[in-house]
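Work through the exercises below with the model open. Try each task before reading its solution.

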Amino acid sequence: MKRKIALTLLFLSLFSSKAVFSYSQKNPKISPYIQFQYFKNNEENSILKTTLTYSKNRMELPLTGMKIAFFSGSGEKTRLAEIITDDKGVAIYNLKHDSDFIADNNGLWPFTSKFGGNDTIESAISELLIRDVTLNMTLTEMDSIKTIVVGAKKKEKGKEVPVSGETVTLYVPRMFSLLPIGEAKLDETGSSSVEFPASLPGDKQGNITIIARFEENAEFGNVEKKSTLKWGLPSAYSVPPGHRALWTKTAPRWMIYTLSILLSGVWGHYLFAIISLIRIRINAKKKKVEKKELFIK
Amino acid sequence: MFGNQEIMLTEKKLLQDLTPEIETTGIRWYITFLLFFLIFCVGIYALIQQIEKGHIVTGMRDNVVWGLYIVNFIFFMGLSYAGALISGVLHLFHTGWRKPVIRLAELLTVISLVIGPFFIFFCIGRLDRLPFLVIYPRIQSPITWDVIAISTDLVGCFLFLYLALIEDFAILRDYSDLHVKPWKKKAYKILSLGFTGTEKEKKILSNARNVMAAMIIAIAIIVYSVLAWIFGVTLQPGWHSTIFGPYFVIAAVFSGTGLLIILMWIYRKVYHLEEYITKRHFVNVGVLLTIIAAFYGYFTFSDYLTKWYGSIKMDSMLIDKLFHDYYALFIFANYIGILLPCIIIAFPRFRTIRNITIAAVIAVTALWVNRYIIVIPTLETPFLPIQDTRPDWIRYSPTWIEWSLTLAGISVYGMLFMLVSKIAPIISISEMKEEDKIEIMK
């Protein structure tokens, strides 16, 4: 029996020590998340953007100072550049030269973003296939209804064909973020129209910027078109008399009076309590002196 | 003459019963204190992490900018105002049974008021800008109202507690059989201000106490209403309510009464005060808890009913969230937490000291949860569809840092109660002496 117990203990200790050893040997590498995106702005400039992050304590944290390699083409890839990620874990490459855009057999541009990894972080790779698209936005007034007409054409086998079935989202920039004002679903002619809301305030002259976007489109990536015109309501902001706001220089008089009266009342009573304490102290001192005098006599 | 001798004997008994805790400290006290201190140290480590890395280590993000810290702040401030209300009312109306519990209510007020504001400091991202509140105060900001209100209340409550302690300090100073370290004796001498108990001194003290009791009742109501208005004056769904002021005050008294019962149970058990804190005290405070629970339940129902019936889009979204994502917490805070204490205390056969204490624990926990579901779901229901806001940024869940600091706050709360009980008697000797004197005279 004793032998059995000893053997069991030996087995358990060997097993557990092995487990501890194997655990200490394995120092798991960080598995990064790689997000690879294509952007084309209003001026027809295109960029490739890679965001490298990792997860720690339920938080997504950036991997900064990491070398990201950008490639174009499929099969034999052409190295475009190596960019170091910034403090947000972002590396951006501006696509400029014709050699940056190498189309495959289907007329798509294959791009690759690669992080080689290091001693503590695993490598990561992401690929994109982008088709060039031309997004147009026309702003017209039809029967006094302000209308946004969007159209898109893509290149297929050297020809320009309309984009159908895709959605273009429309925004208006506001103080803190973009306000969505509608979605345009492109028909077979590659166009669609959306009525512009009449009640949106613009700047002092009524200027307002309208943005049309393909967002995270599987074929076109992120493509943007924007235009500014006087479709907004002029917002000449003037402070009405007696207006109250947190940023006004002084508080309303009634508030100052109320607070002053309240605080004086409260602190007045505190003063009474403090004076009472002083009176107790003085009284005690007086009594002590009287006692001393009586003792001397 | 015989009567005087009896009074002296009563005072001696009171001193014999209530001073041992001031004179000696047992091993259990040290172990409990050490445990609290260790929790406090973990909290300090969490705070260092938060200061070093920023608020990213908390669960708070762009939408939910108020998390566990603000929940704790409101909760502790509520406890404090409740303590002030209870002690003020009990003192002012000379409630007969108040004497063994009034000191606890006074301590509850001051200690909660000391702990509460620290949670605001934890919540502020730029602590270095804190002096700006004083340097550039803006009277029109509810935050400024709150700073003024809390500091005013803190001074008032300290004064009220000190006025209540003077007589006891004088008794302890004059008690020749008190075996404490010389510094403690010296402290009693200084703190008692030379009070000798003459009629004149007693009158001055009594007047000051009456004035301060009335004052702290008024301040407690105003100050907690100001805290409620910080929420009420914003247009956020769930907060923009005219009844938030009285609702907060009632909720505060509810939690404070609950905690008072818990403290009575702890001190009765630990310091063997069965002779002084009796079942009668538990039942009386318990009945008070039930009445307040009924009012609190009524306010809760009114608040949610009007929001639900009004069907304003954002209010509907909030109520929908409360009944789905926060279903369990909502039911616990607003059904179980109100009804169960009422049922336990309302039926005489359930009214044992243990059951009343359990009811109080449920009430206090439920009220903390109520604070949580007032603060968090509203912030998770933003008015504007903010872009690039990930779901885990909208949905708040506290991190270990926030929980550690919460527990650290509770541990400091416990430590302060333990330390105070080593300096001042936990039951007012002077008040008890007066009670016995009256009974003997009768």
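This is a predicted model: local features need pLDDT of at least 70, side-chain atom pairs count only at pLDDT 80 or more, and totals for chains, interfaces and linings use all residues. Residues are numbered from 1 along each chain as its sequence is written, chains are lettered from A and ligands numbered from 1 in the order in which they are written, and side-chain values use heavy atoms, with hydrogens and water left out.

**Exercise 1. Characterise the contact between the two domains of chain A.**

Step 1. Start with the salt bridges (a side-chain nitrogen of Lys or Arg within 4 Å of a carboxyl oxygen of Asp or Glu). The count between domain 1 of chain A and domain 2 of chain A is one. K225(A) and E44(A) form a salt bridge through their side chains, at 3.1 Å from N to O.

Step 2. Set the bounds. Domain 1 of chain A covers 33-130 and domain 2 covers 133-229; such bounds come from an automatic or database domain assignment. Nine residues of domain 1 and 11 residues of domain 2 make the contact (heavy atoms within 4.5 Å).

Step 3. Get the separation and the area. The domain centres, taken over C-alpha atoms, lie 27 Å apart. The two domains bury about 900 Å² between them, with 36% of it on carbon and sulfur atoms. Buried area is the accessible area (1.4 Å probe) that two parts lose on being put together, summed over both.

**Exercise 2. Trace the strand pairing around β15(A).**

Step 1. Strands (E, at least two residues) and helices (H or I, at least four) are DSSP runs, numbered from the N terminus. Two strands pair if DSSP finds at least two bridges between them.

Step 2. Take β12 (167-173) of chain A. This strand pairs with β15 (208-217) of chain A in the antiparallel sense, over three bridges. Y171(A) is opposite I211(A) in β15(A).

Step 3. Take β16 (221-229) of chain A. Eight bridges join this strand to β15(A), again antiparallel. T209(A) faces its partner T228(A) in β16(A). A hairpin of three residues joins β15(A) to β16(A).

**Exercise 3. Describe the interface of chain B and chain A.**

Step 1. Count residues: 39 from chain B are in contact with 35 from chain A.

Step 2. Find the area. About 3,100 Å² is buried between the chains, and carbon and sulfur atoms give 70% of it.

Step 3. Check for salt bridges. The rule finds zero across this interface.

Step 4. Assign the helices. On the side of chain B that touches chain A, α7 (142-174) and α9 (199-232) of chain B each supply at least two residues. The largest share, 11 residues, comes from α9(B).
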